[in-house]
Each structure stands twice: as structure tokens, then as C-alpha cells.
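Here's a quick tour of a two-chain model, starting with a hairpin and working out to the interfaces. Have the structure open as you read.

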Amino acid sequence: MPDYSLKIRRYNPESGQPAYWQQFDVDLAGCSCQAAICGSCGVRINGMSRLACNTKLGEAAEDAPNGAIVVEPMGNMPVLKDLIVDMDAVHWKKVQRVVPWLLPEGDPPDREYIVDPESMIDITQSMACIHCGACVSACLSMEVDPEFIGPAALAKAYRFVGDPRDAFTEDRLLDLAEDPHGIYDCTHCFACIEVCPKDVAPMNQIMRLRRRATSDYGIKDGNNGYGHEKAFSDLIEKYGLLSEAQLLPKSYGDGSLIRAQVKPAALKELTAKLPTVIRGLRSGKVSPKTALIHRKLKDQDQIRRMYKEVESHEDRLELNLYIVGDSDAEEEGTMAEGGQEG
Amino acid sequence: MKLAYWPGCVSRGFTPELHGAMAAVAPKLGLELVELDRANCCGAGFISEHNQELADTLNARTFALAQGVDGAAGMVNICSTCQGAQSECQERLDADAAYRAHINEHLEPEGLEYERGGAWWNKNLLWLLVEEIGLDALRERVVRPLEGLRVGPFYGCYIVRPTRRLGYELYPDRDKYLEWVIEACGAAPVKYAGSHKCCGFPIVTTNRETSLRQAGRHMADALDAGADCVVTPCPLCHLNLDLQQPESQAFVERDLGIPVLHLPQLIGLALGLDFKELGLHRHVVKTDEVQAKVAALAAA
């Protein structure tokens, strides 16, 4: 009696035949490397992008619909044959797109570059990537926009943006912020974080890229990324609760209501939104009162004080759990070691 | 059950029908809600994108206000995005004592303090229904089983990923609860490709095409699978799926017209509340057919 049933998606594009499912009942006694290091065995198992080498058959069988473990090629990339996808056509092309090498200033030193070890801690998470493509496979933005640079390549981009030896930080950020398929095309769905076998958390690296672009370099991109973040943050500082009616025009005006009315691109975007606004009003979802008048929270002075306190630090404090781990078991703080300070 | 109640911004802004439906449903479920009217926006991921310490401070403040509600079993929210954004901050606050102490310093002038863990929790209504109220208790209260109504679940990313942050170790079936609740209401859950995917709302101002293509595709999938309507525990998803539906259908080049209910609206229908009280007239995609189906049940 076989131990496991595997339902495999078979496809040979050269055959002219459509893809089909084939079930194998197998008695498996062997084992795989379990190392999760070379990144060459990415597949979808029961719909989830992951490495085959460190997936336990028993656990996969428990999640299997109708008892058969479903194995498919990774998503968002063309299938070469059966479970093998064309990583060159998608993943590696996108990695090349972000200039994935160091661009230091001036002539190279006689010996190695000397940097403070502390300054490299921040990028160790993005350096852990093994290029298996699981995040690319799972990416929900790429599913509808194949031109999206995507999670793996953007995590790689942060590896160089965060590197103290690189001299083109601002240029890199400008490039990624202005690209309509760049950092502001990530829909914040956490799919890449969920599937990454190495805890790279690509979406978190994309958020770091955004933070660097907006807060450190004030890059006002043509995609309204800067405007949206600034509008959101400013509205909470002013009111405590979000005012959707003000968020939209402020986002298009780089965070300013006045700029939204004089910037031609903002006016165009706002005019395109008018039918949505009218439908909102007509359905009774939005009343003219909620659209025009937004009340402040009772203790709004407290919110403003918090903004002031936090934003008056010279260094921005960020706790990265990948680096510090969950230290609270010993009730000891290690905050300072894991902070990204920009 | 007494609860600290965080309704979020959107339920009091562009989806007032959600706030009203929750107010109508709560007493029917035996819930006493103490609304946190001094609490602030969760940041929806954008404040933490801007400044993590600020987001953690703002949410620690909300948690501290909730922990100060006398006799409350915990805190309940009605928004997947609030749940996810707050869980993210809570994960950091709980992980590191020194960091927590630092954030609490910002709360001190207001006389507030966030205390870690213990028995305190913050749960979305969906989690509360299954884990605290219980599906059997819900079934007992159903006076109008929604027989024949085919409902597509739409979770919202923030409540399904990342599983490690969202308590799936303790509650591994949280990504199935919506189907369970639909069944407990007497309706039939519809399986379709988009149920656990992204509505696209977070990028509707930065990449409208990617955003509305996502929204349109999921609604088309739900329709093709035979759903009469979709239900979501997230008002932000609701905005992209309902308010934007007339726009999103252009991006998938077909007519859609599928109603998108808020979770308390679906429950309210099963609990026998009337359509108006649940705000079913306040949708962009008309809910008339759903109302007619439910009205026919009552008549039968």
C-alpha cells in the first residue's frame, strides 16, 4: 500500500497538448536535503509557494485536498516543462533591473572596504535571499501587473540602498519611486512574507525603501507615493482619525490640499475620481457632512504631542524582529542592537 | 460579554452602514460594546511605513485605552486592516521589554500604559464569533437561516497573512472561519480563487490599474463560481470591491454588479434584523436581489 498520493500538474509546451494532472501513488522512504539553501526546488504545494526540500510529506498530506498532495509549478512565471518555470524570463530579469551590484564612489581601496559592522546589520535580512522565486510566485500585484519589479528584486534593491559603501542611494531610490511598477506598485498583501523560506520579508524591505525615499530624501514621485504617505500621516496628526474625503486630494497634491488644486496631474486624477465620489454620495454611503466636516478627536493634543516626541529624535527607531528575535522571554531589552537608524 | 470596541475610522467615515449594522447586531449576540471614542487611527500600514515608532506608539495608546475598560473580556474590532496593523505593532511591543518601556514613555503624560500579554486580546469580529461566542451559540440565535443564499467569502489580507503574527499557531483554522460563519448563518459558502487574495485598496491612489484589476478579477471569479453576494470583515476591501466596482469592471472588461456585504450585515440578516437597520440601502452595488431572496425566505 502506497504511503502518499501526489497529484502533479504536467505540461510540455512543445507537445501542443494542454496541461493535465497525473496522480502518483508512491511509497517514499528516502529524504531530501532539507537545507533550504540552493533555492532550486521552488514549487506550489497545495497552492502554497514553497521549497520542496524542507516540506514534510506528512504535513503536506494533512493539508491535501481529497488526500492527494497537489504539486504545481510556481506562479507568475512561464512553465518550461512540468514543474520547471523560466526563472530567467521573470525573476532574474527583474533582479537585473535593480542594478544588483555595489556602486561605490571613487577608486577602489588598496585592500578591502572598511565599514562599521553595526552599519551592515540592517541589510542582513535582505542578504539572506536564496533566489528561489517563492515570493515572485506568490506575489498578488505581479498576478495582475506582470511588469511589477516584484518582491525578490526590490528586496535585493534594499540590500544595496542600505549598504553604507554604496554611493548611489538617492539615485536608486529615485529610480524605484518613479517607476510606475516600482515600490508603489506593491499592494501590501503580505504574500511574500508568508512564503519566504528564509524570512527575508520582502514586503518589509519594500516599506524600508519607501521610508528612505520619502522621509530621508523627500522624493516626490509621480505615482503619488510620497503624497499618499504624507497626507495619511498629516491627517492623523491633525484629526486623530482618518478623513477619507481629504486623503484623496491631499495624496494627489504631494500632501497639500492647495497643490492638489493647482498641480495639473493632480487635477486630472481628481476629475477622474468624480464619478466614484458622486456614486458614494448617491448611495448614502457618504454624506456631504462627513465629506466636508471632519471632527478632531477629543484628546487630539495628545496625538500631536506623540508625533512631536517621536519625530524630534535625530535617529529613526526601528525594531526589526528578524535581527533582535523575541527577547522578552528573558525580559531583557536588546532594542539598540536591532534598530535601523536613518 | 463586555468588550472594548474599536470601530476604526472607515466604519465612521465612508462605510457608515457597517458601524450601524454592528450596533444593531451586538445586543442580539449578547455583546456590550464600550466604544473607544478617544482612540486614534491604527495607521493602516501607512504610518508604520512612515515611522514605525510612531505607529507603535499610536496603537499602544489604543491598547492601553482598551485595557482600561473595566470588566472587558478583551478588545474587538470590525476591520481586517485594523486587526493586521494593530497585530503588527503588538508583535513588536510584546517581543522586547526595553522597546515596550520606551514606547510607554510616550504614553506616560496621558497616564496610560500598555501592559504586555497575559489574558488580554484584540480580535476581529470574525475571530470573536468563532473563538469567544462560538458557532453553536450563533446558530442558536439564528431566526432566519439564509437558505439558498450563495455567499463568497472575502477575508482581506491583513487578517490572513502573515500567519505567524496573526496567531495561527494557536488558531490554525482562522483562514476558514468566514466559510464557517456563512454556514452557521444557514447560507452556502462559495469557493472561488480570490477569497484570500488582495482587494488592491492600498494602492488605489498609487497604481489605480493594478488596484482595480485585482478588485475586478476577484468579483468576476466570485460571480463565475455562482455567488449571489460577497461578504467581508474589512471595510477597506468593501470600498474597493463595492464603491469602486463600477470602475473596476472596466479593468476586467465585463459587467459585474455583485453586492458586497459587511460581516455584521450578513449576521444581522440571519438574526432577523431588517434591511434598513443593517444599511443594505447604502451600497453602491444594489443589494435588491439579496434582499428579495431573504424576504422570500421569511415569507416561506
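Two strands count as paired if DSSP finds at least two bridges between them, and the elements themselves are DSSP runs numbered from the N terminus: helices (H or I) of at least four residues, strands (E) of at least two. This is a predicted model, where local features need pLDDT of at least 70, side-chain atom pairs count only at pLDDT 80 or more, and totals for chains, interfaces and linings use all residues. Residues are numbered from 1 along each chain as its sequence is written, chains are lettered from A and ligands numbered from 1 in the order written, and side-chain values use heavy atoms, leaving out hydrogens and water.

In chain A, strand 3 (residues 42-45) pairs with strand 4 in the antiparallel sense, over four bridges. Gly42(A), for one, has Leu51(A) as its bridge partner. The two strands of chain A form a hairpin with two residues between them, and Asn46(A) in the turn has a positive phi of about 50 degrees.

Which side chains of strand 4 (residues 48-51) of chain A are buried? Ser49(A) and Leu51(A) are, pointing to one face, while Met48(A) and Arg50(A) point to the other and are not. Buried here means under 20% relative accessible area, with over 50% called exposed and anything in between partly exposed (1.4 Å probe, protein chains only).

Strand 4 of chain A also gives the most to the side of domain 1 that touches domain 2, with three residues. An automatic or database assignment sets the domain bounds: in chain A, domain 1 is 4-84, domain 2 is 86-216 and domain 3 is 243-311.

The table puts two interfaces next to each other. Contact means heavy atoms within 4.5 Å; buried area is the accessible area (1.4 Å probe) lost on putting two parts together, summed over both; a salt bridge has a Lys or Arg side-chain nitrogen within 4 Å of an Asp or Glu carboxyl oxygen.

| Interface | Residues in contact | Buried area | Salt bridges |
|---|---|---|---|
| Domain 1 and domain 2 of chain A | 16 residues with 20 residues | about 1300 Å² | zero salt bridges |
| Chain B and chain A | 75 residues with 72 residues | about 6700 Å² | nine salt bridges |

Between the chains, Asp299(A) forms a salt bridge with Arg61(B), the closest N and O atoms being 3.7 Å apart. Helix 5 of chain B gives the most to the side of chain B that touches chain A, with seven residues.
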